[in-house]
Amino acid sequence: MKEKSYSCVVCKKRFSQKSTLNAHSRTHTNKKPFSCDVCGKNFYMKAGLKRHYRIHTNEKPFSCVFCHKDFSNKSHLNVHYRTHTKEKPYSCDVCHKGFSHKNHLNEHFRTHTHEKPFSCDVCHKDFSRKDSLNRHLRTHINKKAYCDICHKDFSDKCTLDVHYRIHTNEKSFSCDVCGKGFSRKCNFDKHCRIHTGERPFSCDVCNKGFSQKGNLNRHHLTHSNEKPFSCEV
């Protein structure tokens, strides 16, 4: 391991290379000398600008050796690998549950602390997760999007656009392996797991893996002995 001979005068963090120290120092001065000539976004480091360019070029040079899925960023590939290796490097200090993503650990930890850092600007209701807040915000939107074919209403245009594919039979997502088409990306992702064998949903009790969240939820009932469906006759 290289000796870290260069020290930041502001935060005392040490680095093995002078160039890395110089790039780090810009985080204190907020100087971003590297600018994207497409969208104008600025960066502290040239490497950050290079990674950003792939958003515009759609270049994905990093490929998974298991399922051949491509990624624009090597760190994203490394995180993806955990779906195959089942590695969970982040552990909860309270209940010791393991997680493959650090942000999943952070979200889980709030179940212990009851912290709700995301607040609605309209009604001031608090939420522990950003996606929960985003779903809630739609309830305040007065203007709804209506389907002019079946007259069903939706809280936003994005959901309406997905719904339209039911009427047009448009299937924007196509499987590279068998050619089957899908109108929704979530259904496409579920289908792809048939070919890759990926099972991202794991039982906390027996560690059995499942390709779909619904199958995991049904499996959980075998441990809890819960029987939610009752015959009325």
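These legends go with a set of close-up views of a predicted model.

**View 1. The domain layout of the chain.** The protein chain splits into three pieces: domain 1 covers 15-57, domain 2 covers 120-168 and domain 3 covers 173-224. Measure from C-alpha centre to C-alpha centre and domain 1 sits 36 Å from domain 2.

**View 2. Helix H1 and what its buried residues pack against.** H1 takes in residues 18-29, and a helix of twelve residues at 1.5 Å a residue ought to span 16 Å. Its end C-alpha atoms come out 17 Å apart, so the expected and modelled spans agree. Which residues of H1 are buried? They are Leu 21, Ala 23 and His 24. These cover an arc of only 165 degrees around the axis, which puts them on the same side of H1. What do they pack against? Strand E1 (6-7) and strand E2 (14-15) are their partners. Just after the helix comes Asn 30, with a positive phi near 65 degrees.

**View 3. Two loop residues with positive phi.** Most residues other than glycine have a negative phi, and here are a couple that don't follow suit. Lys 12 is not a glycine, yet its phi is positive, near 70 degrees. You'll find Lys 12 in the loop between E1 and E2, where it is exposed at a relative accessible area of 57%. Asn 207 isn't a glycine either, and its phi is positive at about 65 degrees. Asn 207 belongs to the loop that runs between strand E15 (201-202) and strand E16 (209-210). Is Asn 207 buried or exposed? With a relative accessible area of 58%, Asn 207 is exposed.

**View 4. Arg 54, a buried charge without a salt bridge.** Arg 54 is part of helix H2 (residues 46-57). Its side chain is buried but makes no salt bridge. How far away is the nearest side chain of opposite charge? That is Glu 59, at 4.2 Å, and a salt bridge needs the nitrogen and oxygen to be within 4 Å, so the pair doesn't count. Leaving out residues up to four places away in sequence, Arg 54 touches Glu 59, Pro 61, Phe 62, Ser 72 and Asn 73.

**View 5. Lys 97 and Asp 204, a salt bridge between two loops.** Side chains of opposite charge can pair when their charged atoms come close. The model has four salt bridges, and one of them joins Lys 97 to Asp 204, with N and O 3.2 Å apart. Lys 97 is in the loop between strand E7 (90-91) and strand E8 (98-99), while Asp 204 is in the loop between E15 and E16, so the bridge ties together parts that are 107 residues apart in sequence. Lys 97 is partly exposed, at a relative accessible area of 31%.

**View 6. The salt-bridge network around Arg 129.** Arg 129 and Asp 131 meet side chain to side chain in a salt bridge, 2.9 Å from N to O. Glu 107 joins in too: Glu 107, Arg 129 and Asp 131 are linked in a network of salt bridges. Arg 129 is partly exposed at 34% relative accessibility, and Asp 131 is partly exposed as well, at 30%.

**View 7. Lys 185 and Asp 189 in helix H7.** The closest N and O atoms of this salt-bridged pair are 3.2 Å apart. Where do the two residues sit? Both are in helix H7 (residues 185-196), four residues apart, which means that about one helical turn separates them. Asp 189 is partly exposed, with a relative accessible area of 28%; Lys 185 is partly exposed too, at 45%.

Conventions. Residues numbered from 1 in each chain as written. Predicted model: local features only at pLDDT ≥ 70, side-chain atom pairs only at ≥ 80, totals over all residues. Heavy atoms only, no water. Buried < 20%, exposed > 50% of the residue type's maximum accessible area, 1.4 Å probe, protein only. Lys, Arg positive; Asp, Glu negative; His and termini not counted. Contact = heavy atoms within 4.5 Å. Domains from an automatic or database assignment. Expected span 1.5 Å × (residues − 1). Arc of directions from axis to C-beta.
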